[in-house]
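Hi everyone, thanks for coming. I'd like to walk you through one structure today, so have a look at the screen and stop me whenever you like.

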Amino acid sequence: NSRIAAFVCTIVSNTCFGSENNKVMLGQQGAIAAVAKVMSHHKADVSVQSRGALALRNLGFKCPENHETAGKVGAIEALLNAIVNNFDNRELVHQSSVALA
């Protein structure tokens with residue numbers, strides 16, 4: 001269900017925002033892979049894509065180990081697909097681009 005997927009992405013995003021410990025813990029527990037998988041399964045749902053991009057952005061912010069994990073579990077591909085499939089959505093493109101930076 002895409003509504004549940006979007007909600008879970010929001011929970012991940014909020015849980016790691018501003019907390020280095022939570023970012024690291026969520027990254028180690030597979031949250032990056034889970035968000036990337038959700039984004040790949042709900043490519044047509046803009047809400048899932050936006051919330052997933054924000055979750056990946058927050059997970060990776062100032063957290064090099066999560067950047068490394070993102071490169072291994074398909075998160076980069078998920079973000080690039082979000083940009084390509086939603087190029088007319090400025091907020092989604094912005095969140096995805098920042099997450100990739």
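Let's start with a small puzzle: in which loop is K62 found? Look at the loop between α4 and α5, and there you have K62. Before I go on, please keep in mind that this is a predicted model. K62 has a phi near 55 degrees, which is a positive value in a residue other than glycine. For background, most residues other than glycine have a negative phi. As for its surroundings, K62 counts as exposed because its relative accessible area is 65%, and the cut-off for exposed is over 50%.

Okay, now let's go inside. The largest nonpolar core has 20 residues. Within that core, V12, V35, M39, L56 and L59 touch the most other members. Which helices supply at least two residues each? They are α1, α3, α4, α6 and α7. If you want to find them on the screen, α1 is 2–16, α3 is 31–41, α4 is 46–60, α6 is 75–85 and α7 is 90–100. The largest share comes from α3, with 5 residues. As a general point, nonpolar side chains tend to be buried together in soluble globular proteins.

Let me pick one of those core residues, L56. Leaving aside neighbours within four places in sequence, L56 is in contact with I32, V35, M39, A75, L79 and A99. 

Two of the helices I just listed also pack against each other, so here is that pair. In general, two packed helices are described by the angle between their axes and the distance between the axes. For α3 and α6, the angle is about 35 degrees and the axes are 9 Å apart. Their crossing is left-handed. From α3, the contact uses I32, A36 and M39, and from α6 it uses A75, A78, L79 and A82. What kinds of residues are these: nonpolar, polar or charged? The split is 7 nonpolar, no polar and no charged.

Staying with α6, let's look at two more of its residues. I76 lies in this helix, and I76 counts as partly exposed because its relative accessibility is 37%. Along the sequence, I76 and A36 are 40 residues apart, while in space they are 8.2 Å apart, C-alpha to C-alpha. Beyond its neighbours within four places in sequence, I76 is in contact with A70, G71 and L100. I83 is in α6 too. Again setting aside neighbours within four places, I83 is in contact with V93, S96, S97 and L100. Going by C-alpha atoms, I83 and G60 are 18 Å apart in space and 23 residues apart in sequence.

Now for a polar residue, N66. You'll find N66 in helix α5, residues 64–73. Is N66 buried or exposed? N66 counts as buried, because its relative accessibility is 3% and buried means under 20%. So what does its side chain have for company? A polar atom of the N66 side chain lies 3.0 Å from the backbone oxygen of K23. Apart from neighbours within four places in sequence, N66 is in contact with K23, V24, G27, I32, L59 and G60.

There's another asparagine to compare with, N22, in helix α2, residues 20–28. N22 is partly exposed, because its relative accessible area is 26%. Not counting neighbours within four places, N22 is in contact with T15 and C16. The C-alpha atoms of N22 and V12 are separated by 9.4 Å, with their positions 10 residues apart along the chain.

Last stop: H41, back in helix α3. H41 counts as exposed because its relative accessibility is 56%. H41 and S97 are 56 residues apart in sequence and 20 Å apart in space, C-alpha to C-alpha.

To wrap up, what should you take home? α3 gives the core its largest share, 5 residues, and the contact of α3 with α6 has 7 nonpolar residues. And if you remember one polar residue, make it N66, which counts as buried at 3% relative accessibility. That's it from me, thanks for listening!

Conventions:
Residues are numbered from 1 along each chain as its sequence is written. This is a predicted model: local features need pLDDT of at least 70, side-chain atom pairs count only at pLDDT 80 or more; totals for chains, interfaces and linings use all residues. Side-chain values use heavy atoms; hydrogens and water are left out. A nonpolar core is a set of buried Ala, Val, Leu, Ile, Met, Phe, Trp, Tyr and Cys residues joined through side-chain atoms within 4.5 Å. Buried means under 20% relative accessible area, exposed over 50%, partly exposed in between (1.4 Å probe, protein chains only). Helices (H or I, at least four residues) and strands (E, at least two) are DSSP runs, numbered from the N terminus. Contact means heavy atoms within 4.5 Å. A polar contact is a pair of N or O atoms within 3.5 Å; within protein, one must be able to donate a hydrogen and the other to accept it, and residues adjacent in sequence count only if both atoms are side-chain atoms. Axes are lines fitted to C-alpha atoms, for helices over the stretch in contact, and angles run from 0 to 180 degrees between N-to-C directions. A crossing is left-handed if the near helix is turned anticlockwise from the far one by less than a right angle, and right-handed if clockwise. Ala, Val, Leu, Ile, Met, Phe, Trp, Tyr, Cys and Pro count as nonpolar, Asp, Glu, Lys and Arg as charged, and the others, Gly among them, as polar.
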